[in-house]
Amino acid sequence: MRLFARAAAIIAALAAFYSFANHHIHKLYIFDPATLQRISRDAIAQHPDNMTQLLDTLVLSLRNEYGPHVSSIRGDEWFVNNAGGAMGSMTILHASLSEYLIIFGSPVGTEGHTGWHFAEDFFTILRGEQWASSPGELERKIYRPGDQNFHCRYKVGQYRLLEDTWALELAQGWIPTMMAFGLWDIFTSTLDLETLWRTCYFTGRHMLFSALKGKF
Ligand SMILES: *[C@@H]1O[C@H](CO)[C@@H](O)[C@H](O)[C@H]1NC(C)=O
């Protein structure tokens, strides 16, 4: 009985701490979803037919808005991600303990499970088309270039990227907790150790550099 009481007290304390921290985590955020959508729409309007130029313009505008918190895209810093049955290619523009901003997509297309996260997600389509649905929704939702798909934390859904779909993805919340979902398939399916290394190295480096700039 004593042990049970102690366990209950620890769980209650952790829940109270989580609730308190959750209430304050937004103070760490620097990215504004509406601004990201506006910047994305401008870049799409300028370069509707050339993804390379679209990304160049997008990242330049993001750096004008957010300064050194957004890094330039380097050709050798792309890597694949397998999670929830979906596969795509990504590069990190920003990562810290409370936010990440990435380019994610696939020329081939993909489909899978969103994952259950302690974070919310703003997925702004740059090119192509995304379909999404949550349990009980009998019609799919369709997102096209310039649209932003908001995915609430603690919610799950199915999504599909049609061929040649790219997005600017912002996640806000407890980012390190998302790593389990992001890496699990490496151990159970792909055994792609190079991607394990690249994912951990690029994410860790961005988080460290963000922390050194005082961004957590
Ligand atoms: C897009 O632009 C880049 C750089 O300006 C150029 O090298 C490339 O050929 C263009 N691609 C297409 C499909 O027009």
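Strand β6 (residues 130-133) lines up with strand β9 (residues 158-161) in the antiparallel sense, and four bridges link the pair. Keep in mind as you look around that this is a predicted model. The β6/β9 pairing is a good way into the structure, so to speak: from here we can move to one open sheet of four strands, then to another open sheet of six strands, and finally to a patch on the surface.

**The four-stranded sheet**

- Look at glutamine 130 if you want to see one of the pairings up close: its bridge partner is leucine 161, which sits in β9.
- Read across this open sheet and you get the order β4-β9-β6-β7, with antiparallel pairing.
- The edges belong to β4 (110-113) and β7 (141-143); each has a single partner strand, so one side of each is left without a neighbour in the sheet.
- From one strand to the next, the twist averages 15 degrees.

**The six-stranded sheet**

- Here the order is β1-β2-β3-β10-β5-β8, in an open sheet with antiparallel pairing.
- At the edges you'll find β1 (79-83) and β8 (148-151), and each of them pairs on one side only.
- Neighbouring strands of this sheet are turned by 30 degrees against each other on average, direction ignored.
- Strand β5 (residues 119-127) pairs with β8 in the antiparallel sense over four bridges, and threonine 124 has glutamine 148 in β8 as its bridge partner.
- Helix α2 packs on the sheet, where it touches β3 (99-106), β5, β8 and β10, and its direction makes about 10 degrees with that of β5.
- Helix α5 (residues 193-212) packs on the sheet too, touching β1 and β2 (86-95), and its direction makes about 20 degrees with that of β2.

**A closer look at β10**

- On one side, β10 runs antiparallel to β3, and eight bridges join the two; for example, glycine 105 stands opposite tryptophan 166 in β10.
- Strand β5 is also joined to β10 by eight bridges, again running antiparallel, and here glutamate 120 stands opposite glutamine 172 in β10.
- How many of the nine residues of β10 are buried? Nine of the nine are, so the strand is largely enclosed by the rest of the structure.
- In a regular strand, side chains alternate between the two faces of the sheet.
- In β10, Thr165, Ala167, Glu169, Ala171 and Gly173 point one way, while Trp166, Leu168, Leu170 and Gln172 point the other way, and all are buried.

**Zooming in on alanine 167**

- Alanine 167 is one of the residues of strand β10 (residues 165-173).
- Why does alanine 167 count as buried? Its relative accessibility is 0%, and buried means under 20%.
- Leaving out residues up to four places away in sequence, alanine 167 touches Ile102, Ile103, Phe104, Phe123, Thr124, Ile125 and Leu126.
- Compare its position with that of alanine 16: the two are 151 residues apart in sequence, and their C-alpha atoms are 36 Å apart in space.

**Out on the surface**

- Leu28, Leu97 and Phe216 make a nonpolar surface patch of about 260 Å².
- Where does leucine 28 sit? You'll find leucine 28 in the loop between α1 (2-24) and α2 (33-46).
- Leucine 28 counts as partly exposed because its relative accessibility is 35%, which falls between the 20% and 50% cut-offs.

Note on methods:
Residues numbered from 1 in each chain as written. Predicted model: local features only at pLDDT ≥ 70, side-chain atom pairs only at ≥ 80, totals over all residues. Heavy atoms only, no water. Buried < 20%, exposed > 50% of the residue type's maximum accessible area, 1.4 Å probe, protein only. Contact = heavy atoms within 4.5 Å. Patch = residues over 30% accessible without salt bridge, like charges linked within 9 Å, V, L, I, M, F, W, Y side chains within 5 Å. Areas by Shrake-Rupley, 256 points an atom, 1.4 Å probe, with all protein chains shown as cover. Salt bridge = Lys/Arg side-chain N within 4 Å of Asp/Glu carboxyl O. Pairing = 2+ DSSP bridges. Axes fitted to C-alpha atoms, helices over the stretch in contact; angles between N-to-C directions.
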